[in-house]
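Me: I have a structure open here and would like a close look at a single part of it. Could you take me through the place where the two domains meet, and the annotated residues as well?

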Amino acid sequence: MKTFSQYLMVHSQENHIPKELISTVESIIIACKQISRNVRLGALSGVLGEAGTGNIQGEAQKKLDVIANQILIDTLRTNPNVAGLASEEEDNFVAANEQGGYLVLFDPLDGSSNIDVNISIGTIFSVLLKPSGSLKTESFLQKGSEQVAAGYVLYGVQTLLVLTFKHGVHVFTLNEQGEFIETKSLPQIPEQTAEFAINASNQRHWEQPIQKYINELLAGEDGVREKNYNMRWVASMVAEVHRILMRGGVFLYPKDNRDPSKAGKLRLMYEANPLGLVVEQAGGKITNSRENMLEIQPTGLHQRVAVVLGSAEEVGHVRELHI
Ligand code: AHM
Ligand code: MG
């Protein structure tokens, strides 16, 4: 089994990955190990509970949202290869090093509602090339297909790192010595599935095609489907994506009619695009119901989107229902 450092050495040589990009990803992982240590200690390190502040999305921040965000910013700013950062928890982008060639975008602590109840949470990250010229918000507004690396760290029963440099997906487990060890390479999301994930409490607010789709799954063999479906909802997108990566499934966070100005709950730059790249690199699909997610031209750092991802057959079916 390869250590993370051994993997980076071999993978970067085989795929001609620049050393500056490797160094950028290494810094992200150093920060995530520090976040993991805080998560593991919970109440013992005083990190649980509300921070008493709000973020730009109007959401109440947990202490750990704020701590994880600061750890990532402090660690990445010291890396000369990092030109700028954008975070779900920051109003505007953060400038780092003028000579840096990369931009890092992250959701420092995804699944915040699970922090205080000891259920899986994660950090999601995305790396882009910095376009030439001075750093501005537009520098970050690149399509998901432009990402040069993306992944997540899942603070679950084990701490896992899942990473892609667009040459397949690799999975690492944090050992007792605090080192990531490669435990799975090139996982493939099965094309078909009988498992779905959606927050059903929002059902009355969904658009008609999603109503139809979920009704089909719920009816199973008694309806138009040839099988019965099972359902899971963790309320941590990282955990849902990891389950789908390991055994297939379809995850939906559709558009909600309550607020027509919002396209969905989840964020394109910090959640949908990085997790979408992982899913597509493992043979799955991701869409906003109508378009390929990774081909959407972003219009804002904190843009929200509807998300449907996972096993190709089900994602394709949702798209067909929206035509
Ligand atoms: P967060 O980044 O503030 O934690 O919000 C994103 C999370 C996702 O991880 C998860 O899929 C979703 O919100 C859960 O939403 P809900 O509370 O509607 O179940
Ligand atoms: Mg999130």
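Reply: Happy to; here is a walk from the whole chain to the domain contact, then to the annotated residues and the sheet of the second domain.

Please keep in mind that this is a predicted model. The chain holds 8 helices and 17 strands. Its C-alpha trace spans about 60 × 45 × 45 Å along the principal axes. A compact globule of 323 residues would have a radius of gyration near 20 Å, and the chain, with 19 Å, agrees with that. Of the residues, 44% count as buried. Among contacts with a separation of 6 or more, 64% join residues 24 or more positions apart.

Now to the part you asked about. The chain is divided into domain 1, residues 4-185, and domain 2, residues 195-322. Their C-alpha centres lie 23 Å apart. Domain 1 brings 37 residues to the contact and domain 2 brings 29. On the domain 1 side, at least two residues each come from strand 5 (102-110), strand 6 (121-129), helix 4 (137-140), strand 7 (149-155) and strand 8 (159-164). Strand 6 gives the most, with 5 residues. By residue type, this side of domain 1 divides into 17 nonpolar, 15 polar and 5 charged residues.

For comparison with the record, UniProt (unreviewed entry) places a "domain: Fructose-1-6-bisphosphatase class I N-terminal" feature at residues 3-184. Over that stretch the chain is 30% helix and 32% strand, and the end C-alpha atoms are 12 Å apart.

Next, the annotated residues. The unreviewed UniProt entry places the feature "binding site" at Asp 110, Gly 111, Ser 112, Ser 113, Asn 199 and Lys 265. Asp 110 is a good one to centre your view on, since you have already met its strand: Asp 110 is found in strand 5. Asp 110 counts as buried because 29 C-beta neighbours lie inside 10 Å, against a cut-off of 20 or more. Leaving aside neighbours within four places in sequence, Asp 110 is in contact with Ile 121, Gly 122, Thr 123 and Ile 124, and also with Ser 236, Met 237, Val 238 and Glu 271.

Lys 265, from the same "binding site" feature, is found in the loop between strand 13 (250-253) and strand 14 (266-267). With 19 C-beta neighbours inside 10 Å, Lys 265 counts as partly exposed. Apart from neighbours within four places in sequence, Lys 265 is in contact with Tyr 253, Asp 256 and Arg 304.

Strand 13 also leads into a sheet. An open sheet of 5 strands runs in the order 12-11-13-17-15, with mixed pairing. Strand 12 (230-231) and strand 15 (285-287) stand at the edges with a single partner strand each, so one side of each is left without a neighbour in the sheet. Strand 11 (residues 195-197) and strand 13 pair in the parallel sense over 2 bridges. One bridge to pick out on screen has Phe 196 with Val 250 of strand 13 as its partner.

Finally, a stop back in domain 1. Gly 133 is found in the loop between strand 6 and helix 4. Gly 133 is exposed, with 8 other C-beta atoms within 10 Å. Gly 133 and Ile 115 are 18 residues apart along the chain, and their C-alpha atoms are separated by 40 Å.

Notes
Residues numbered from 1 in each chain as written. Chains lettered and ligands numbered in written order. Predicted model: local features only at pLDDT ≥ 70, side-chain atom pairs only at ≥ 80, totals over all residues. Helix = DSSP H or I, 4+ residues; strand = E, 2+ residues; numbered from the N terminus. Rg over C-alpha atoms; globule rule 2.2 N^0.38 Å. Buried ≥ 20, exposed ≤ 12 C-beta atoms within 10 Å, placed from the backbone. Contact = placed C-beta atoms within 7 Å. Domains from an automatic or database assignment. Nonpolar A, V, L, I, M, F, W, Y, C, P; charged D, E, K, R; others polar. UniProt positions renumbered as here; feature names shortened; annotations may be inferred. Pairing = 2+ DSSP bridges.
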